[in-house]
Amino acid sequence: SDVVLTVLADERLGAAVIGPGLGRHEATAAVVRQVVLQSRVATVLDADGLMAFAGQAESLKQRPGLVLTPHVGELAALLAVPGTELAASAVSAARRATQECGQVVLLKGSSTVVVAPDGRTRVIVQGPPQLASAGTGDVLSGVVGALLAKGLEPFEAACAGAWIHAEAGRWGAVKNPHGVSAAALLEVLPKVIREHVYERGPSWRS
């Protein structure tokens, strides 16, 4: 963990993505908790990184600059509540999580909900069902992390990343109506960014 903290303290590092593929061994989770809470680099916390904080959401309040990207199952584990408590309303679930952890929460689902601690809320609705395949959530985390590294504040990075990801999925679904793989999504992302990079009023803003 000391080595990781040294790397994350490097001023040349713009952002980090912690979680995908880490595994859930307690020793690993302990390192994740230490690294996340002691570093200050803007960070996307996803997948197994979120599970390291299962039942400990309030501990994240002391750590600024996070974007949490759970699906509803991971969110239920993070908040230590049954998934049925969160299933009725994605917006309410994301707002509850934001209040408990004090961070930007991007809740993945049929529509993606992004909530900031100050109450700002955005719903990205154009992501197609073809995006529900293995690895596409990791791509979303990478996109949000890249935007954080470019200097966007966490809420804007989460909203922009979710919108770009959903739009890439929409484009990809035209070519692959049976499902968009993570690899196919990566191929489409540059085209989506080129198409929209000069827009003055991005579609994720109200």
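Start by selecting Val-114, which stands opposite Arg-122 in strand 6. You're looking at a predicted model, so treat this as a walk through a prediction.

**Stop 1: strand 5 and its partners**

Now widen the selection to strand 5 and strand 6 (residues 121-124), which pair in the antiparallel sense over 4 bridges. Follow the hairpin between these strands, with its 5 residues in between, and you'll meet Gly-119, whose phi is positive, near 100°.

Next, show the side chains of strand 5. Thr-112 and Val-114 point one way, Val-113 and Val-115 point the other way, and all are buried. That fits a general pattern: in a regular strand, side chains alternate between the two faces of the sheet.

Add strand 4, which runs antiparallel to strand 5 and is joined to strand 5 by 3 bridges. A hairpin of 4 residues links strand 4 to strand 5. To see one pairing up close, pick Leu-107 and its bridge partner, Val-113.

**Stop 2: helix 5**

Select residues 90-101, the 12 residues of helix 5. At 1.5 Å a residue the helix should span 16 Å, and the C-alpha atoms at its ends are indeed 16 Å apart. Color Ala-93, Ala-94, Ala-97, Thr-98 and Cys-101, because these are the buried ones in helix 5. Look down the axis of helix 5: its buried residues fall within an arc of 135°, so they line one face. What do they pack against? Show strand 3 (66-68), helix 4 (72-79), strand 4 (104-107) and strand 5 (112-115), and you have the answer.

Click Ser-92, also in helix 5. Ser-92 counts as partly exposed, because its relative accessibility is 45%. For a sense of scale, draw a line from the C-alpha of Ser-92 to that of Ala-183: they are 91 residues apart along the chain and 32 Å apart in space. Just after helix 5 comes Gly-102, with a positive phi near 70°.

**Stop 3: the cores**

Finally, go inside. The largest nonpolar core has 33 residues, and Val-104, Leu-106, Val-114, Val-144 and Ile-164 touch the most other members. Strand 4, helix 6 (136-149), helix 7 (154-175) and helix 8 (182-196) each supply at least two residues of this core. Helix 7 gives the most, with 11 residues.

Zoom in on Leu-106. Beyond its neighbours within four places in sequence, Leu-106 is in contact with residues including Leu-68, Pro-70, Val-114, Leu-140, Val-144 and Ala-162. Then hop to a second, separate core of 31 residues, which includes Val-35, Leu-50, Leu-60 and Val-115.

Methods
Residues numbered from 1 in each chain as written. Predicted model: local features only at pLDDT ≥ 70, side-chain atom pairs only at ≥ 80, totals over all residues. Heavy atoms only, no water. Expected span 1.5 Å × (residues − 1). Buried < 20%, exposed > 50% of the residue type's maximum accessible area, 1.4 Å probe, protein only. Arc of directions from axis to C-beta. Contact = heavy atoms within 4.5 Å. Pairing = 2+ DSSP bridges. Core = buried A, V, L, I, M, F, W, Y, C linked by side-chain atoms within 4.5 Å.
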